[in-house]
Amino acid sequence: MSVGWARIGRERGRSSRFSGLALGCVALLALTGCALGGGNGSGGAGGQTLSSLPWCAQPQFNFVDSSSSSQKAITSWDQVKGQLGFTPYLPPSLPKGSCLDLLGGAIHDPIFGGHLSVTWVLPNVGPISFSEAPAHGAAASAPQCPQSGQSSDATTICIGVVGGTNVTVAAHLTQSQLTAYFNQLQPATDWQPAPAS
C-alpha cells in the first residue's frame with residue numbers, strides 16, 4: 001500500500017517530502033484502528049466545535065523539538081503553536097460523537113520546519129487525519145483526492161495548499177465527503193478539548 005501512495009505522490013508532482021506527509025496520514029489511520037460503519041462522516045447538521053469534543057481516551061499529545069540534541073518530548077500546545085512555522089488549518093466542527101485520538105509533530109525540523117498531525121475518530125466512520133507542514137515550492141491549491149480503491153473501506157487522501165500550508169487529509173470517506181472537509185478548513189481553529197471537570 002505504501003508503494004502505491006508514494007507512486008501517486010510522484011504522479012501528482014509532489015516532492016518526496018510532501019508524499020511522506022500523505023504516507024504519515026495513512027499510517028495514523030492504520031494505528032488508530034480504522035473502525036468502519038455506515039455513517040456519512042458529514043460535519044454538517046449535528047456538528048460540534050473541535051474544542052467541545054473530548055479526547056477518545058488518555059490524551060495522546062507528543063511533539064519533538066528537532067533542534068534539541070535530546071529530542072525531548074513537548075507536551076504543551078502553548079510551547080508548540082508559535083514555533084510551527086505555518087498556520088494550522090482545521091475544520092470548524094466535526095460530527096457529534098467524534099473524539100480527539102492523537103496529536104503530534106515536530107518543530108525546528110530540518111526538512112519541514114514544522115509538522116503537525118492530528119487525528120479525530122468520527123462516529124460510524126473511524127479516523128480522520130490531518131497532516132500539515134509549511135508549503136514549499138509550487139503546489140495546487142485545489143485539493144487532489146485519489147482513492148485507494150472502490151471498496152467500502154477505501155482510504156481517500158486529499159492533498160492541497162491552504163494559505164501557506166500544505167495540508168493532507170485522509171479518511172475512509174468518499175472523495176466528495178473528504179473534499180467537503182478540505183474546503184471547510186479554517187486558520188487558527190481552537191482544537192483543544194476543554195479540561196475534564
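## Exercises on strand 2 and the disulfides

Strand 2 and strand 6 run parallel and are joined by 5 bridges. The structure is a predicted model, and the exercises below are to be read with that in mind.

**Exercise 1.** Determine which strands are joined to strand 2 by bridges, in which direction they run, and which residues serve as bridge partners of Phe61 and Val64.

*Solution.* Begin with strand 6, which runs parallel to strand 2 and is linked to it by 5 bridges; within strand 6, Leu103 is the bridge partner of Phe61. Then turn to strand 3, residues 73–74, which runs antiparallel to strand 2 and is joined to it by 2 bridges; here Ala73 is the bridge partner of Val64.

**Exercise 2.** Work out how the side chains of strand 2 are distributed between its faces, and which of them are buried.

*Solution.* In a regular strand, side chains alternate between the two faces of the sheet. Strand 2 shows such an alternation, since Phe61, Phe63 and Asp65 point to one face and are buried, whereas Asn62 and Val64 point to the other face and are not buried.

**Exercise 3.** Establish which cysteine is joined to Cys56, give the handedness of the link, and explain which parts of the chain the pair ties together.

*Solution.* The sulfur atoms of Cys56 and Cys99 are 2.0 Å apart, and the two residues form a disulfide, given that the cut-off is 2.5 Å. The angle about the S-S bond is 95°, and the link of Cys56 and Cys99 is right-handed. Because Cys56 lies in the loop between strand 1 (47–49) and strand 2 (61–65), while Cys99 belongs to strand 6 (residues 99–109), the pair ties together parts that are 43 residues apart in sequence. As for accessibility, Cys56 has a relative value of 30% and so counts as partly exposed, whereas Cys99, at 15%, counts as buried, the limit for buried being under 20%.

**Exercise 4.** Carry out the corresponding analysis for Cys145 and Cys158, and then state the pairing pattern of the bonded cysteines in the protein.

*Solution.* A disulfide joins Cys145 to Cys158, with an S to S distance of 2.0 Å, and with 110° about the S-S bond this link is right-handed. The pair connects distant parts of the chain, 13 residues apart, with Cys145 in the loop between strand 8 (126–134) and strand 9 (156–162) and Cys158 in strand 9. Cys145 is buried, at 6% relative accessible area, and Cys158 is buried, at 0%. The count comes to 2 disulfides, and when the bonded cysteines are numbered in sequence order, the pairing is 1-2, 3-4.

Note on methods
Residues are numbered from 1 along each chain as its sequence is written. This is a predicted model: local features need pLDDT of at least 70, side-chain atom pairs count only at pLDDT 80 or more; totals for chains, interfaces and linings use all residues. Side-chain values use heavy atoms; hydrogens and water are left out. Helices (H or I, at least four residues) and strands (E, at least two) are DSSP runs, numbered from the N terminus. Buried means under 20% relative accessible area, exposed over 50%, partly exposed in between (1.4 Å probe, protein chains only). Two strands pair if DSSP finds at least two bridges between them.
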